[in-house]
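User: I'm new to this one. Could you walk me through it, one question at a time?

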Amino acid sequence: MNQSPAVAVIGLGRMGAGMAATLLRHGYHVYGVDPVGVSEDLQAGGLIASELEDVAQRASTVVLSLPSSDISREVLIGANGIAEDLAARNGPNSVVIDMSTGDPRVAQELARRLDDLGVGFVDAPVSGGPKGARGGTMTAFVGGSAESVARATPVLTALTSRCTEVGGPGNGQLAKLINNGLCAVHLAAAGEALALAEAWGAPPAKIFEAVNAASGRSAVTELNVPEWVLSGTFDSGFSTGLMARDVGLATGTAGALGIDAPLLNAALLQWQRARESFGADADFNRIVTSNRAVQEETPND
């Protein structure tokens, strides 16, 4: 039996740690890099703690799970970036899979720069949260050249239950921003629906049950509202701050393309207010309860 190749995972937050654990279960040799260190649980599971400067000599496939495109750029082509070392040590066998959510324009830039070095680059941001990362059930939005995607496919297959190829470099990031932009608008709309039901005195659970059997339903009304809002758990694993970031990236991309996006711009203001009200670390489903606070603060005429 052929030995599974080595993979380096850079960024071991909740998502990166979950992905590393999934790769270990699939038999990969996994090297982990994180500025705050590697957890004992991951190391007990077989992950090998590493330093950024050692990545290229240990693995030809690199997975990024980082907070922003700027950090991805710094890791790859910054002053101490690993891209040139990857090219020198692994040549055309190397590929970087950026599973962070970020700016499509930066993804295109990184793909060009790495292609010049002979290193593959795939932008493959994901949906599914920490639970999906741990379970290998995430959905990936995959952008990149056919050759780069082919190099990345074995690792993507291990990490996800569904990968949708959406075209060239940057398209994966664009698809993810469109997805999260729609989710952000749906959540804000669900908040208004919840406020309307409660103000009328109707049982919210029954109202959303009816909606979910009709044309107004969405993933938000079918999953988020019953599982994390009406239950009061608010523990989905995705934060208000991250959603506000993603909506900001979506509106910024729309602006750069000259696209008028009034709904997204309005949603961005709501998400920024939610971040201020609930805190950046609060579960992103908290926005559905925003109208309750507004009603309590607004006196009746």
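User: Which residues does UniProt list for "domain: 6-phosphogluconate dehydrogenase NADP-binding"?
Analyst: This is a predicted model, where local features need pLDDT of at least 70, side-chain atom pairs count only at pLDDT 80 or more, and totals for chains, interfaces and linings use all residues. Residues are numbered from 1 along each chain as its sequence is written, and side-chain values use heavy atoms, leaving out hydrogens and water. The name comes from an unreviewed UniProt entry, and such annotations may be inferred rather than shown by experiment, with positions in the numbering used here and feature names shortened. The listed span is residues 7-167.

User: How far apart are the end C-alpha atoms of residues 7-167?
Analyst: Helices (H or I, at least four residues) and strands (E, at least two) are DSSP runs, numbered from the N terminus. By that count the span is 45% helix and 22% strand. Its end C-alpha atoms are separated by 24 Å.

User: Which helix gives the most to the largest nonpolar core?
Analyst: A nonpolar core is a set of buried Ala, Val, Leu, Ile, Met, Phe, Trp, Tyr and Cys residues joined through side-chain atoms within 4.5 Å. The largest one here has 29 residues, and Val9, Leu23, Val30, Val63, Ile97, Met99 and Val155 touch the most other members. At least two residues each come from strand S1 (6-10), helix H1 (14-25), strand S5 (95-98), strand S8 (138-142) and helix H8 (146-159). The top giver, with 6 residues, is H8.

User: What does Val155 touch, not counting residues up to four places away in sequence?
Analyst: Contact means heavy atoms within 4.5 Å. Val155 is one of the core residues that touch the most other members. Its partners are Val7, Leu23, Tyr28, Thr61, Val63 and Ile97.

User: Are H1 and H8 roughly parallel or roughly perpendicular to each other?
Analyst: Met19, Thr22 and Leu23 of H1 meet Val155, Ala158 and Leu159 of H8. The axes (lines fitted to C-alpha atoms, for helices over the stretch in contact, with angles from 0 to 180 degrees between N-to-C directions) come within 9 Å and cross at roughly 105 degrees. Angles under 35 degrees count as roughly parallel, over 145 as roughly antiparallel, 65 to 115 as roughly perpendicular and the rest as oblique. So H1 and H8 are roughly perpendicular.

User: Is Thr160 buried or exposed?
Analyst: Thr160 sits in strand S9 (residues 160-165) and, beyond its neighbours within four places in sequence, contacts Gly136, Met138 and Ala140. Buried means under 20% relative accessible area, exposed over 50%, partly exposed in between (1.4 Å probe, protein chains only). Because its relative accessible area is 8%, Thr160 is buried.

User: On to the other domain: what share of residues 170-288 is helix?
Analyst: UniProt lists this span as "domain: 3-hydroxyisobutyrate dehydrogenase-like NAD-binding", again in an unreviewed entry. Its end C-alpha atoms lie 31 Å apart. Strand makes up 0% of the span, and helix 70%.

User: How far apart in space are Ser239 and Phe284, C-alpha to C-alpha?
Analyst: Ser239 is in the loop between helix H11 (219-229) and helix H12 (240-256). Setting aside neighbours within four places in sequence, Ser239 contacts Ala280, Asp281, Ala282 and Phe284. Ser239 and Phe284 are 45 residues apart in sequence, yet in space their separation is 4.7 Å.

User: Which residue does UniProt list for "active site"?
Analyst: The residue is in helix H9 (residues 171-200), and counts as buried because its relative accessibility is 4%. Beyond four places in sequence, its contacts are Thr101, Pro125, Val126 and Phe141. The unreviewed entry names Lys176.
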